[in-house]
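User: I'd like a close look at one part of this structure, in the context of the whole chain. Could you walk me through it?

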Amino acid sequence: MSFGYRVLGFGSGGSSFAPYDVDYLIVAGGGSGGPAPGGGGGAGGHRTSFPGGTKISLDQAAIPIDVGAGGPAGASGSGACLNRGSNSTITLASGAFSSSGGGAGVNAPFGAGCLNPGGSGGGTPHQGSSSGNGNVGSYSPSEGNNGGVSGGSFSGSGGGGIGAVGANATGCGYGSSQGSPGGAGTANSITASSVTRAGGGGGGAWPGTPSPGSGAASPGGGGQGGPVCGGATKYPGTNALGGGGGGGAYSPLGPNEGGTGGTGIVIIRIPAAVAPGALGVSPGTNTVATDAPTGDKICTFTVDGILTVG
């Protein structure tokens, strides 16, 4: 099925286990920004049923939850496209339900020949022509958007976000050029408060006169592109939002790294009418809260853990 899961009825808890239909939000880890002058990292894949989408069925008593890590940063020349974010996954008896890690921004030496797909795609470095594709899970609705393209510019383009593609870089040939913004995230109120998640990282700038700015941080936790001559300064994606890391800007001071991707998050909202009498999460850094107006139970996972129901 294109939505990424199948409901098979009763799960591993046996015929006495009654499944719970619940809302979810699952965001994977963001991709890292590329080393200078690098493209911005793509946001982690973002999937949700809230409000009004197709719910998933909790079909066993103990449900493993994996929260995607952000892609680690790498120095210039360190390799091609290995710094994607990690997937986030809800493991049901009927199969794994996942969102895809964000695509890494690309660094200059690997340019156009290095594709960087992910939940949202990473941006290209200077003179890169092939942006990373989003929605690598082929989900419907889509989990993300493509990164931007640098074309003839020496700056990095923005990583994609769930709300928009990454911005293309501007400028032509060797010379000062502005890094481009990452694609925006999108707001969701599954926790009863509106939070914007899964924004792409901004691209890194190429130095010159006048001094250009870095690609702007995006709504949804995407890091801004690195500052020109900022040396070791780098901007990560925001943790628990799945933001893409900012691309590195070139500096003779080095090390010209991009920012790390932000970690993802998994949220499960159980309607009060079907909420089980026993409900728990582990480890203790994960939480269960009650939405006061509705009585719905909101289970939030910021690290790997187990949801127990029934």
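What follows is my request and one connected reply.

The part I'm after is strand S5, residues 88-92. Which strands does S5 pair with, and in what sense? And why can S5 be called largely enclosed by the rest of the structure?

Analyst: Happy to. Bear in mind that this is a predicted model.

Let's start with the backdrop. The chain has 13 strands and zero helices, so read from the N terminus the element string is just β-β-β-β-β-β-β-β-β-β-β-β-β. Of the 310 residues, 53% are buried. If you take contacts between residues at least 6 apart in sequence, 58% of them join residues at least 24 apart. The chain exposes about 10800 Å², with carbon and sulfur atoms supplying 55% of that area.

Now to S5 itself. Four of its five residues are buried, so the strand is largely enclosed by the rest of the structure. On one hand there's S4, residues 62-66, which pairs with S5 in the antiparallel sense over two bridges. In that pairing, Asp-66 stands opposite Thr-89 of S5. On the other hand there's S6, residues 95-99, also antiparallel to S5, with five bridges. Here Thr-91 is the residue facing Ala-96 in S6. S5 and S6 make a hairpin, with two residues between them.

S5 also feeds the nonpolar interior. The largest nonpolar core has 20 residues, and those touching the most other members are Leu-58, Ile-65, Ile-90, Val-266, Ile-268 and Leu-307. At least two core residues come from each of S1, S3 (56-58), S4, S5, S9 (265-270), S12 (297-301) and S13 (305-309). S1 gives the most, with four residues. As a general point, nonpolar side chains tend to be buried together in soluble globular proteins.

Leu-58 is a good way to see how that core is knitted. Beyond residues up to four places away in sequence, Leu-58 touches Phe-17, Pro-19, Tyr-20, Val-22, Ile-63, Leu-92, Ile-268, Ile-270, Leu-307 and Val-309. Another core, of nine residues, lies apart from the largest one, and its members include Val-27, Ala-198, Ile-267 and Ile-298.

While you're in this area, have a look at Ala-28, in the loop between S1 (20-27) and S2 (46-48). Ala-28 is buried, with a relative accessible area of 0%. Leaving aside neighbours within four places in sequence, its contacts include Ser-86, Asn-87 and Ser-88, as well as Ser-99, Ser-100 and Gly-101. Gly-44, Gly-45, Gly-242 and Gly-264 are also among the residues in contact with Ala-28. And Gly-68 has its C-alpha 4.8 Å from that of Ala-28, though the two are 40 residues apart in sequence.

One last stop is past the hairpin. Ser-150 is in the loop between S6 and S7 (186-188), and at 2% relative accessibility Ser-150 counts as buried. A polar atom of the Ser-150 side chain lies 3.3 Å from the backbone oxygen of Ser-155. Setting aside residues up to four places away in sequence, Ser-150 touches Thr-124, Pro-125, His-126, Gln-127, Gly-128, Ser-155, Gly-156, Ser-157 and Ala-169.

So, back to what you asked: S5 pairs in the antiparallel sense with S4 and with S6, and four of its five residues are buried, which is why it can be called largely enclosed.

Conventions. Residues are numbered from 1 along each chain as its sequence is written. This is a predicted model: local features need pLDDT of at least 70, side-chain atom pairs count only at pLDDT 80 or more; totals for chains, interfaces and linings use all residues. Side-chain values use heavy atoms; hydrogens and water are left out. Buried means under 20% relative accessible area, exposed over 50%, partly exposed in between (1.4 Å probe, protein chains only). Two strands pair if DSSP finds at least two bridges between them. Contact means heavy atoms within 4.5 Å. Accessible areas come from the Shrake-Rupley method with a 1.4 Å probe; for residues, only the protein chains shown count as cover. A nonpolar core is a set of buried Ala, Val, Leu, Ile, Met, Phe, Trp, Tyr and Cys residues joined through side-chain atoms within 4.5 Å. A polar contact is a pair of N or O atoms within 3.5 Å; within protein, one must be able to donate a hydrogen and the other to accept it, and residues adjacent in sequence count only if both atoms are side-chain atoms.
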